[in-house]
Amino acid sequence: MTALSASADQAPAIEARELTRRFGDFTAVDAISFSVATGEVFGFLGANGAGKTTAIRMLIGLLAPSSGSARVAGHDVATQADGIRRRIGYMSQRFAMYEDLTVRENIQLFGGIYGLSGTQIRGRTQALLLRLGLEHAHKKLVGALPLGWKQKLALSVALLHEPRVIFLDEPTGGVDPITRRHFWQMIYEAAAEGTTVLVTTHYMDEAEYCDRISIMVDGRIAAMGAPADMKRDHGVESVDDLFVRLARPSSAAAAAGAGA
Amino acid sequence: MSVPAAVTVDAVTKRFGSVTALDSVSFEVGAGEIFGFIGPDGAGKTTLFRILSTLLLPDTGGARVLGHDVVRELWTLRARIGYMPGRFSLYPDLTVEENLRFFASVFGTTIEAQADLIAPIYGQIEPFKDRRAGSLSGGMKQKLALSCALVHRPGILFLDEPTTGVDAVSRRELWDLLGRLRDDGLTIVASTPYMDEAGRCDRIALIQKGRILQIDRPGAIGDRYPLPLFAVSARDRQALTVAVRRFPYTASVLPFGAELHYTDARAGHPANVIQSELGVFLAEAGLADVRVTPIRAGIEDAFINLMSSAEGEGELATAGNTVS
């Protein structure tokens with residue numbers, strides 16, 4: 001909580017203004033504007049092809065905006081992409097770690113890539129193994145771990161360099177329900193320490209765990225707010241109902257968005 | 001069941017090296033029902049589907065599909081089953097229409113001859129029939145794959161995780177389509193890691209680490225929950241979690257959307273008594289807007305409970321204890 005109050009007068013951790021990306025004559029992300037405060041857990045929802053992945057790729061500096069701008073951790077995504085990459089973490093269901101390296105080797109490798117010193121890596125490796133209860137398993141190959149453990153380890157590794165913002169792209173897909181909740185506990189802990197979290201998910205109950213959510217439809221943000229407020233305003237019981245009401249894209253748009 | 005079973009599986013075991021993917025699995029699927037396998041990645045769902053689709057041999061045990069043995073009568077069976085694997089496995093460089101035409105011709109039929117059967121699904125993607133399959137969205141790929149699995153008019157459909165990675169809207173649409181196929185008499189065996197899809201099945205099997213934990217109608221699975229269960233909410237959720245954990249009769253506390261699900265350790269204790277005890281306890285702990293409501297267990301409650309007891313002292317049960 002100290003991190004929160006200390007940064008209360010700082011700029012938002014993520015701020016997008018009219019952020020736009022076109023591919024040919026198709027607009028994948030259409031002038032979206034939003035900001036995420038430091039330490040906030042922000043759910044970034046939308047149907048397949050709505051433009052979420054394109055938006056995230058711009059926010060982490062992998063894709064240049066066609067127009068508009070965004071700042072992440074105080075850096076401009078178009079002109080200071082290197083500064084952003086040092087200050088953010090990223091994890092997706094697809095990007096895991098090196099399966100034929102051990103748990104400890106993966107942690108050390110990523111610590112090195114993030115530019116941590118040998119002393120920092122040793123200290124944080126120990127703390128990480130302890131927190132995950134993996135001390136006994138540090139010599140195991142990552143490929144031999146159950147999926148849930150891989151995902152928890154991947155999140156811990158993505159947090160190793162203490163990034164200001166972490167982007168989680170469907171981190172809990174296919175994970176069992178207990179591990180899914182354990183994973184969210186880790187997200188809360190990171191947020192409580194001041195890390196800003198932007199997370200996408202297809203599990204609508206997880207949307208309820210976010211401080212605020214946005215729902216993207218056809219490249220635009222169709223709705224944004226705290227889950228409880230949004231449910232009240234739209235007169236629905238759950239975020240799932242809200243999502244289905246808002247996110248049903250025209251089939252033509254869904255097809256056009258296929259490449260995004 | 002008076003109707004002969006569409007699928008009979010008897011003590012099937014399959015090992016890969018030191019990993020037991022399926023551990024003496026037995027079940028029956030009735031003709032004309034949607035039977036769902038619900039479980040996380042690594043539970044053994046894909047191995048089971050590959051055995052039922054004659055693509056993999058069981059180590060021990062046997063299985064019959066539509067009355068045919070999956071090992072000895074595989075050639076008879078292959079023409080009669082529709083199989084949609086979990087990974088997109090159509091030709092990405094062929095168009096939508098070319099893919100469908102190819103699968104029809106492999107089975108000696110045509111799109112036109114099967115139009116009545118596939119129209120409800122294929123009709124939704126037909127406007128894009130000249131688009132290459134590789135550039136379709138996730139939901140549309142699934143509809144094309146389903147069309148291809150149906151085009152030879154199979155007697156049973158095996159769908160391995162048809163909704164994984166597909167958004168909530170497309171998932172609903174796909175289940176609506178499956179419901180219509182079932183209403184027309186088709187037997188469907190599907191798997192999913194999404195517990196909320198269990199309600200779309202006539203019966204479900206909860207599966208974890210190669211073992212079936214329970215088989216029943218989705219509604220009945222919740223009724224078997226062994227302990228009193230409540231939905232609890234308060235203005236400050238984090239403080240609520242901490243407070244409920246201190247309640248002396250807590251068996252488990254887990255986040256479920258905007259609420260917590262609280263399981264009381266006292267089997268058979270009256271719900272209204274627990275409700276008022278916990279309400280008073282939380283109010284005394286200083287929490288505002290406290291609501292405690294007795295609820296019926298859902299599939300995910302049941303799954304977590306069965307998983308924890310199956311694991312015993314295992315790592316997942318240990319992890320579960322620290323979940324808030």
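In what order do the four strands of the open sheet of chain A lie? Select that sheet to begin: the order is 2-1-4-5, and the pairing is antiparallel. The model is a predicted one.

**The sheet of chain A**

Colour the two edges of the sheet. They are strand 2 (26–36) and strand 5 (75–76) of chain A, and each of them pairs on one side only. Next, select strand 1 (residues 14–23) of chain A together with strand 2 of chain A; seven bridges join this antiparallel pair. To check the register, show Glu15(A), which stands opposite Ser35(A) in strand 2 of chain A.

Add helix 2 (residues 52–59) of chain A, which packs on the sheet. Helix 2 of chain A touches strand 1, strand 2 and strand 4 (67–72) of chain A, and its direction makes about 120° with that of strand 1 of chain A.

**Asp30(A)**

Stay on strand 2 of chain A and select Asp30(A), which lies in that strand. Is Asp30(A) buried, exposed or partly exposed? Asp30(A) counts as partly exposed, because it has 17 C-beta neighbours inside 10 Å, and a residue is buried only if 20 or more other C-beta atoms lie within 10 Å of its own. Leaving aside neighbours within four places in sequence, Asp30(A) is in contact with Thr20(A), Gly219(A) and Arg220(A). Draw a distance from Asp30(A) to Gly219(A): the C-alpha atoms are 5.0 Å apart, while the two residues are 189 residues apart in sequence.

**Two helix pairs in chain A**

Select helix 4 (residues 103–113) and helix 5 (residues 118–132) of chain A. The two pack at an angle of about 135° with their axes 10 Å apart, which makes helix 4 of chain A oblique to helix 5 of chain A. Their crossing is right-handed. Show the side chains at the contact. Helix 4 of chain A contributes Arg104(A), Ile107(A), Gln108(A), Gly111(A) and Gly112(A), and helix 5 of chain A contributes Ile121(A), Arg124(A), Thr125(A) and Leu128(A). By class, the residues of this contact are three nonpolar, four polar and two charged.

Move on to helix 9 and helix 10 of chain A. Here the angle is about 60°, and the axes are again given as 10 Å apart. These two helices are therefore oblique to each other, and their crossing is left-handed. In this contact, Pro227(A), Met230(A), Lys231(A) and His234(A) of helix 9 of chain A meet Val239(A), Leu242(A) and Arg245(A) of helix 10 of chain A. The contact has four nonpolar, one polar and two charged residues.

**Where the chains meet**

Keep helix 9 and helix 10 of chain A on screen and bring up chain B. In all, 35 residues of chain A are in contact with 37 residues of chain B. Which helices of chain A each supply at least two residues of the side that touches chain B? They are helix 7 (177–192), helix 8 (204–207), helix 9 (227–234), helix 10 (239–247) and helix 11 (251–256) of chain A. Helix 7 of chain A gives the most to this side, with seven residues. Colour the side of chain A that touches chain B by class, and the split is 17 nonpolar, twelve polar and six charged residues.

**Chain B**

Hide chain A and look at chain B as a whole. Its secondary structure comes to eleven helices and 14 strands, and its C-alpha atoms fill a box of roughly 75 × 45 × 40 Å along the principal axes. Chain B has 324 residues, of which 45% count as buried. Among its contacts between residues at least 6 apart in sequence, 69% join residues at least 24 apart.

Now select the open sheet of four strands in chain B, which has the order 2-1-4-5 with antiparallel pairing. Strand 2 (19–30) and strand 5 (68–69) of chain B are the edge strands, each pairing on one side only. Eight bridges join strand 1 (residues 5–16) of chain B to strand 2 of chain B, and the two run antiparallel. Show Ala5(B) to find one bridge: its partner in strand 2 of chain B is Gly30(B).

**Last stop: His269(B)**

Select His269(B), in the loop between strand 13 (259–264) and helix 9 (271–284) of chain B. With 14 C-beta neighbours inside 10 Å, His269(B) counts as partly exposed. Not counting residues up to four places away in sequence, His269(B) touches Pro228(B), Asp264(B) and Ile274(B). Finally, draw a distance to Leu227(B): its C-alpha atom is separated from that of His269(B) by 8.6 Å, and the two residues are 42 residues apart along the chain.

How values were computed. Residues are numbered from 1 along each chain as its sequence is written. Chains are lettered from A and ligands numbered from 1 in the order in which they are written. This is a predicted model: local features need pLDDT of at least 70, side-chain atom pairs count only at pLDDT 80 or more; totals for chains, interfaces and linings use all residues. Two strands pair if DSSP finds at least two bridges between them. Axes are lines fitted to C-alpha atoms, for helices over the stretch in contact, and angles run from 0 to 180 degrees between N-to-C directions. Angles under 35 degrees count as roughly parallel, over 145 as roughly antiparallel, 65 to 115 as roughly perpendicular and the rest as oblique. A crossing is left-handed if the near helix is turned anticlockwise from the far one by less than a right angle, and right-handed if clockwise. Two residues are in contact if their C-beta atoms, placed from the backbone, lie within 7 Å. Ala, Val, Leu, Ile, Met, Phe, Trp, Tyr, Cys and Pro count as nonpolar, Asp, Glu, Lys and Arg as charged, and the others, Gly among them, as polar. A residue is buried if 20 or more other C-beta atoms lie within 10 Å of its own, exposed if 12 or fewer, and partly exposed in between; C-beta atoms are placed from the backbone.
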